[in-house]
Amino acid sequence: MFTIKQPSKIVIGRNAVPESSFPENCLLITSKGAESRGWLDYIKLKNYSIFRNVENNPSIETTEQIITEFSGSKISKIIGMGGGSVLDVAKYCAYKMDKQKILIPTTFGSGSEVTRISVLKVNNKKQSFHDDKLFADIAIIDSNFIDNTPKDVFKNSFVDALAQCSEGYDSKLGNEYTRFLCKSAFDYLERGIETGKKEDIVFGSLISGLGFGNCSTTLGHALSYVFSNEGISHGHALAFTTMASHRYNNSIFYKRFKKIIKKLDFKRIKLKLNTKDATELILTDRKHLDNNPRLVKKEDIVTLLESITSGMDI
């Protein structure tokens, strides 16, 4: 027996945002570039409050600032509009403030709009929070946002989705349903990057979120956070940590994943933290390691880190 969980309402399609209706007195949580990118005109909110200072790899302090600043206001709902960092902050704040949440991704990779997960930095280390109350009440996926996505943001978001669905497929928590979604997501994403059909990437990202969100990611994500903690973007780190993970796990996606990463031409990543300390930190991430299809030992992590950072072919 297995249980499937997802938002109660998902709206998807071009122009889904302007064709949706939003209540007045919302709190919009977004990033600094929202106005210059035309997002505020696009959503057409009325009588709303706004917080527009969500950073990449956001900290728990950012959520605390928002909660302190707006808890005394008459907020009807919270809208998160932005990339995965913005959505993670918005859903966490809405959960703590007991508000309904509408999540609108402007990048397509994290799947945060349809998961029960929020990733925030606590004491400068990434920590994932899991709770059904983090689910969106409404997720709105509008593919218009992908058209003007900067190249690096597009690449990093794409790899995030690709890593999540392929790791999710291999997860020990997976089942027939999640494996179907995760494999379908990989197929859509792969086809989208090969043909340039962006709608396939948007849809692939969505079903990747629905797939891995009902099982888990694994070793690739456990390895990635020590790199993200040093400022390397999540997708960039996953390009190499998930590839190494897939080789270690003998994943059915290894060769296909590697071919796509080669096409995207990512620069190799380095680690400032010494291998011993990085390994000890990774070993604490039981959420990911315990769900890996193959047992991961301390010496395995050392070898994997060395292969990732040495520049050798993974």
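These notebook entries record what I looked up about helix packing, a pocket and a cavity in a predicted model.

**Entry 1: helix H7 and helix H10**

I began with helix H7, residues 219–228, and helix H10, residues 275–283. I noted that their axes come within 9 Å and cross at roughly 130°. That angle makes H7 oblique to H10. I recorded the crossing of H7 past H10 as right-handed. I then looked up which residues form the contact: H7 supplies Ala222, Leu223 and Val226, and H10 supplies Ala278, Leu281 and Ile282. I sorted the residues of this contact by type and found 6 nonpolar, no polar and no charged.

**Entry 2: helix H7 and helix H8**

I next turned to helix H8, residues 234–249, which packs with H7 at an angle of about 145°. I noted that the axes of H7 and H8 lie 8 Å apart. H7 passes H8 in a right-handed crossing. On the H7 side I listed Leu219, Gly220, His221, Leu223, Ser224, Tyr225, Phe227 and Ser228. They meet His234, Ala237, Leu238, Thr241, Thr242, Ser245, Tyr248 and Asn249 in H8. I found that the residues of this contact divide into 7 nonpolar, 9 polar and no charged.

**Entry 3: the second largest pocket**

I asked which elements give two or more residues to the lining of the second largest pocket. I found strand E7 (125–130), H7, H10 and helix H11 (286–289). E7 gives the most, with 4 residues. I recorded a volume of about 300 Å³ for this pocket and a lining of 15 residues. Nearest the centre of the pocket I noted Lys126, Gln127, Tyr225, Thr284 and Asp285. Tyr225 also appears in my list for the contact of H7 with H8. By type, I counted the lining of the pocket as 6 nonpolar, 5 polar and 4 charged.

**Entry 4: the largest cavity**

I then consulted the search of the whole structure for cavities of 30 Å³ or more, which finds 1. The largest cavity holds about 40 Å³ of space. I listed its lining as Thr107, Phe108, Ile146, Thr149, Phe154, Ser157, Phe158 and Ile201. I asked which helix gives the most to this lining. I found helix H4, residues 151–170, with 3 residues. I closed the entry with the residue types in the lining of the cavity, which are 5 nonpolar, 3 polar and no charged.

How values were computed
Residues numbered from 1 in each chain as written. Predicted model: local features only at pLDDT ≥ 70, side-chain atom pairs only at ≥ 80, totals over all residues. Heavy atoms only, no water. Axes fitted to C-alpha atoms, helices over the stretch in contact; angles between N-to-C directions. Parallel < 35°, antiparallel > 145°, perpendicular 65-115°, else oblique. Left-handed = near helix turned anticlockwise from the far one by under 90°. Contact = heavy atoms within 4.5 Å. Nonpolar A, V, L, I, M, F, W, Y, C, P; charged D, E, K, R; others polar. 1 Å grid on protein atoms, 1.4 Å probe; cavity = no way out; pocket = protein on both sides within 12 Å on 5 of 7 lines; lining within 4 Å. Points joined across faces, edges and corners; volume = space filled by probe spheres on them.
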